[in-house]
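Please look over the protein shown here. Some questions about its fold and its core come after it.

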Amino acid sequence: MFKRFFFLFVMMAAVGVPYLVTSSSDWWNALSARYLGGGTDGKAAAAAGSKAGAPPQAGSPQGGGAKTDTVMRPLPVEGFGAQDLGQVLQFDGTPAWVMARWPRVTAGLAELDLQGYRVALVSGTADDDLAGSLTYYFDKSQRIARISFHGTTGDPRKLISLVSSRYHFVQQQTDDPSLSLFQVKWNGKPLSELRIRPARMLRADQPRSRYEVDLAMKRP
């Protein structure tokens with residue numbers, strides 16, 4: 001009699017327990033979340049609690065209103081974009097103007113009686129824009145005496161047009177077929193010059209790096 005009762009109890013347990021577990025998954029998850037901290041409901045509740053106690057983020061609505069705070073983004077290292085290269089390739093700037101236009105300036109560039117201020121220049125994203133290193137050299141009167149640029153471009157025609165029309169650069173004949181040379185001369189000696197060469201490696205995915213540019217200008 002006892003053996004028969006025990007056998008029936010084992011069979012009921014074998015069938016009933018898996019059924020209860022599988023048919024009551026929601027109850028099981030809630031229970032484990034409450035006492036074991038492993039359920040999805042527990043994680044959601046913890047996340048909701050942390051968000052409720054967190055301070056409002058900058059630029060997010062305050063007090064449920066529609067007004068948002070203005071987030072001040074840092075100025076990029078290359079400074080303000082120059083849609084017109086004439087804005088940066090000019091001799092009217094001052095050291096204060098350079099430091100106001102670019103957030104990062106290398107100033108320890110003394111050369112003879114000149115003080116240099118070097119900045120990163122990215123004039124834009126078009127093929128005829130410039131990207132590289134731009135340096136202004138100031139004399140004792142805090143006037144720009146020289147400008148130099150070393151970098152790349154995808155199309156040098158805009159730069160050539162600027163230095164030719166504004167500073168009277170003239171193309172020169174050279175024995176190097178890879179070099180395009182433009183100069184300003186005084187008594188037969190070059191004062192300023194622009195050198196343009198094709199890049200050593202031309203890549204289709206880098207259209208703004210097709211030419212290497214070296215520019216050195218003295219104050220007219």
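The questions and answers below go from the overall fold to single residues.

This is a predicted model, in which local features need pLDDT of at least 70, side-chain atom pairs count only at pLDDT 80 or more, and totals for chains, interfaces and linings use all residues. Residues are numbered from 1 along each chain as its sequence is written, and side-chain values use heavy atoms, with hydrogens and water left out.

User: How many helices and strands are in the protein?
Analyst: Helices (H or I, at least four residues) and strands (E, at least two) are DSSP runs, numbered from the N terminus. The elements run α-α-α-α-β-β-β-β-α-β-β-β-β from that end. The count is five helices and eight strands.

User: Which element gives the most to the largest nonpolar core?
Analyst: A nonpolar core is a set of buried (under 20% relative accessible area, 1.4 Å probe, protein chains only) Ala, Val, Leu, Ile, Met, Phe, Trp, Tyr and Cys residues joined through side-chain atoms within 4.5 Å. In the largest one, of 29 residues, Leu89, Leu134 and Leu194 touch the most other members. Elements that each supply at least two residues include β2 (114-122) and β7 (189-198). With five residues, the top contributor is α5.

User: Is Gln90 buried or exposed?
Analyst: Gln90 lies in the loop between α3 (40-53) and α4 (95-101). Leaving aside neighbours within four places in sequence, Gln90 is in contact (heavy atoms within 4.5 Å) with residues including Trp97, Tyr136 and Arg166. Because its relative accessibility is 12%, Gln90 counts as buried.

Conventions:
Buried < 20%, exposed > 50% of the residue type's maximum accessible area, 1.4 Å probe, protein only.
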